Amino acid sequence: MLPIAQIFRGGARQLILLSAVLVSLNQPAAAAVFQVSDIRVEGLQRIAPGTVFNYLPVQVGDTVGEDVTGGIIRALYKTGFFDDVRVERDGSVLVLWVRERPAIAEIKITGNKDIETEALSNALADIGLKEGRVFNRSVLDRIEQELERQYFARGKYGVLIQSTVSPLERNRVAVNIEVIEGLTARIKQINLIGNQAFTTKDLSKQFKLGPTGWNSFYSKNDQYSKQKLAGDLETLRSFYLDRGYIKFDIKSTQVSISADRKEIYITVVIEEGAPFKISDIKLAGEPSVPAAQLFPLIQLKRGEFFSRKATTESAERISSLLGDEGYAFANVNTVPEIDEDAHEVAVTFFVDSGKRVYVRRVNMKGNTRTRDEVLRREMRQLETAWFSAELVRKSRERLQRLGYFDDVSIETPAVPGSADQVDVDVSVKEKPAGNLAAGIGFSQSQGIILNASVTQNNFLGTGKRVSLALNTSAATRLYQIGYLNPYYTVDGISRGFNLSYRETDFDELIGADYSANVGVAGMNFGLPISDTSRAGLGFRFQYTDFTAGFSEIAQEFVEQNGNTFNDFFLSANYTNDSRDTAIFPTRGGLRNVFAEVSVPGSDLQYYKINYQEQRYVPLTSRFIFSLSGDIAYGDGYGDTDYLPFFENFYAGGPRSVRGWVANSLGPREVGTDDPVGGNLKLAGSVELFAPAPVGGEFEKTLRLGVFLDFGTVWTMDETDLLTSTGFDLGDLRYSTGLSATWLSPVGALSISFAYPLNEEDGDDTQVFQFGFGQTF
């Protein structure tokens, strides 16, 4: 038997040895450094092992130690595929234990009205929440926050987003997002504090935001937006700076919402300061043009209050003038010198003209079908000439007016290595060269309209126009062939030909019992006067075959003149088109003067003169004021006593005075009460246009209007066959109402609701009028 001390010493050694064995058994297998002979992945369900291997920072044959295992774990967590990752060792085999995150099997969104489900689903997919993808709770949290932000931007501060994640079999989940939108918070009041020079009422007019009013359903001015408020505050700042308050400052802006999240209160604290007057105006620097040319461009006067707007516009005018003179890189800075004691400011315009710039080359890109010469003949900025910003702008406008291109852009990059040369790079996106169209439409005056046309606006890339058209309706049938060469000469003189044959049943058109078949063969020339105006001269032969029917006025005309006529006409016209676009213009105008006369020797001798004017004035960025007028007169001469009645002018209908049946205004035939038109016409319209109160494509294709129409026609020749003759402004008809025009994919749809203001006995009124389709 061993002594106790020896037993203790032997037991201690055994205990130490046992502890070392236990510690070694509890160490991770991967803790020791070893060379990897194989890699095994455990726990995969959907993810392929190859996907895991692609993200591993080690390969077979690498040496693995404690410093490497941490990197393996971080790399696999970073993929976002796994909830848990462990690294172990089985001999020389590296073992990876993983637990996959669940996959999204279904996403359901309910309760959303302001944001469409399809748009919302696409947005969620972009962020990472989509069926089939790995579910990540942090992504769902970000989506909830983004949804709240989107609804806050729409003024719905009571919105509640509730997300539910339900587990499914095969390690999948279903995500349900429930949206409780709540009511839109409205601006209850905007408070301005600190204003003394101007009343709160005057300053409130500078804000687009405001309390709910009668037009808030349209303008949405009562829906708070951080961006809109920032814009209003900048407008307020400009209001003061344009009136001399250079030291104006917005001290603070507070936006608060009521406890029920339905009302918003905005408080703006301002400090006006004192107004400053202009003490002096100076030019400095090295202007390349005489100061006598620059000073008239400065719309400031000594002794007047300082205006930031007038100062900025003056600098822009100087810069524009220098650009037109070839100084493309001119720089004009305004430097105010403020005298706070005297409340005065001296304004110095520092002009740095730089070098005069030449155009090295004009390059054309994108015109795969259109010949270069077709584009170059429209260019007003020429090669080797001084650069002119105005000529570049005019060149772009002329190219856009051709109608051959969907888009025209011009860039003026500097020539590398040269300080005084630029290139003019013109890029165009061509429209289809030809147009084969067939369509159907409906007009209340002509019924169903069928049309077909083959048109080449840019025939073989030459810029010439060739067309063939067919129109048919209950009232008219038209066959037409046309040709136009806009550059018959290099100076821009155009030449065109036209052949047409039209059959018109006036019984279907205006209710009068007669008809006319007219064939025309003509030639016309056009002469450019300016970039927006053009004069024209034409000559045509016209054959008319007239059938009187039971109309007394038609029978009398046939008795006096016969029923077939061969006439030769000379015509002249002048057109000035300064509209920014032909469809839904917002500014500019269209003026057209047309006159024609049958030459002596024709069977019928008469003349007609027509003047039309349209003007568009932008009142705001959304509202457009339009004013249009139409005056026409015709009469006979020589052996023809008066204008042939089938050449009369007509008024009334959707394209004239709305609220009356088309072509029904003016004198009528005694007995039949059929309208016959007149040889004098006066009509016009005053209209306020606004875009649709909806966004998306409708904002560009739908326009609403409020109008006041007026007009009628008179017959100046005395006759017992008509109900009235002679000129009397009291015969004018007036109407007011609402209009809407929609450029639908299949044609233009126009609708009007008109209320006649001075309807007379016997008038044919029509409150609702519409037209659909497009004629050629």
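Let me start with one residue, Asp-423: at 9% relative accessibility, it counts as buried. Asp-423 belongs to strand E17, which covers residues 421–430. What does its side chain reach? The side chain of Asp-423 comes to 3.2 Å from the backbone nitrogen of Arg-361. Before I go on, please keep in mind that this is a predicted model.

A second residue can be described in a similar way. Asn-679 sits in the loop that runs between strand E28 (624–636) and strand E29 (680–691). Is Asn-679 buried or exposed? Its relative accessibility is 3%, and the cut-off for buried is under 20%, so Asn-679 counts as buried. A polar atom of the Asn-679 side chain lies 3.0 Å from the backbone nitrogen of Met-716.

Next, the salt bridges. Side chains of opposite charge can pair when their charged atoms come close. How many salt bridges does the structure hold? The count is 34. I will go through a few of them.

One joins Asp-84 and Arg-99, with the closest N and O atoms 3.8 Å apart. This pair links distant parts of the chain: Asp-84 is in strand E4, residues 82–90, and Arg-99 is in strand E5, residues 93–100, with the two positions 15 residues apart in numbering. Asp-84 has 25% relative accessibility and counts as partly exposed.

Another salt bridge is made by Arg-237 and Glu-234, and here the closest N and O atoms are 3.8 Å apart. Where do these two residues lie? Both are in helix H8, residues 226–241, and because they are three residues apart there, about one helical turn separates them. Arg-237 is partly exposed, at a relative accessible area of 25%. Glu-234 is also counted as partly exposed, with 37% relative accessibility.

My third example is the salt bridge in which the side chains of Asp-764 and Arg-668 meet, at 3.1 Å from N to O. Asp-764 lies in the loop between strand E32 (747–756) and strand E33 (768–772), while Arg-668 lies in the loop between E28 and E29, so this pair ties together parts that are 96 residues apart in sequence. The partners differ in cover: Asp-764, at 33% relative accessibility, counts as partly exposed, whereas Arg-668, at 7%, counts as buried. Salt bridges can also share partners, and in this way Arg-40, Glu-42 and Asp-90 are joined into one network.

Now to the aromatic rings. How many aromatic pairs are there? The structure holds 28. One of them is Phe-645 with Phe-646, whose ring centres are 5.9 Å apart. Why is this pair called edge-to-face? The planes stand at 75°, and planes over 60 degrees apart count as edge-to-face. Phe-645 is buried, with a relative accessible area of 4%, and Phe-646 counts as buried at 10%. These two residues are also part of an aromatic cluster, which is formed by Tyr-514, Phe-546, Phe-557, Phe-565, Phe-645 and Phe-646.

Rings can also have a charge placed over them in this model, and I have two cases. The charged end of Arg-243 sits over the ring of Phe-239, at 3.7 Å from the ring's centre. In the other case, Arg-703 lies over the face of Phe-689, and the distance to the ring centre is 4.1 Å.

Now the surface. Which residues form the nonpolar patch there? They are Val-617, Leu-619, Phe-625, Leu-627, Leu-688, Val-706, Leu-738, Phe-753, Val-767 and Phe-768, and together they have about 860 Å² of accessible area. Take Val-706 as an example. Val-706 is found in strand E30, residues 702–714, and at 45% relative accessibility it counts as partly exposed.

I finish with a distance. Lys-282 has its place in strand E12, residues 277–286, and is partly exposed, with a relative accessible area of 33%. How far apart are Lys-282 and Glu-88 in sequence and in space? They are 194 residues apart in sequence, and their C-alpha atoms are 82 Å apart in space.

Methods. Residues numbered from 1 in each chain as written. Predicted model: local features only at pLDDT ≥ 70, side-chain atom pairs only at ≥ 80, totals over all residues. Heavy atoms only, no water. Patch = residues over 30% accessible without salt bridge, like charges linked within 9 Å, V, L, I, M, F, W, Y side chains within 5 Å. Areas by Shrake-Rupley, 256 points an atom, 1.4 Å probe, with all protein chains shown as cover. Salt bridge = Lys/Arg side-chain N within 4 Å of Asp/Glu carboxyl O. Helix = DSSP H or I, 4+ residues; strand = E, 2+ residues; numbered from the N terminus. Buried < 20%, exposed > 50% of the residue type's maximum accessible area, 1.4 Å probe, protein only. Phe/Tyr/Trp six-rings, centres within 6.5 Å; stacked < 30°, edge-to-face > 60°. Lys NZ or Arg CZ within 6 Å of the ring centre and 35° of its normal. Polar contact = N/O pair within 3.5 Å; in protein donor to acceptor, adjacent residues only side chain to side chain.
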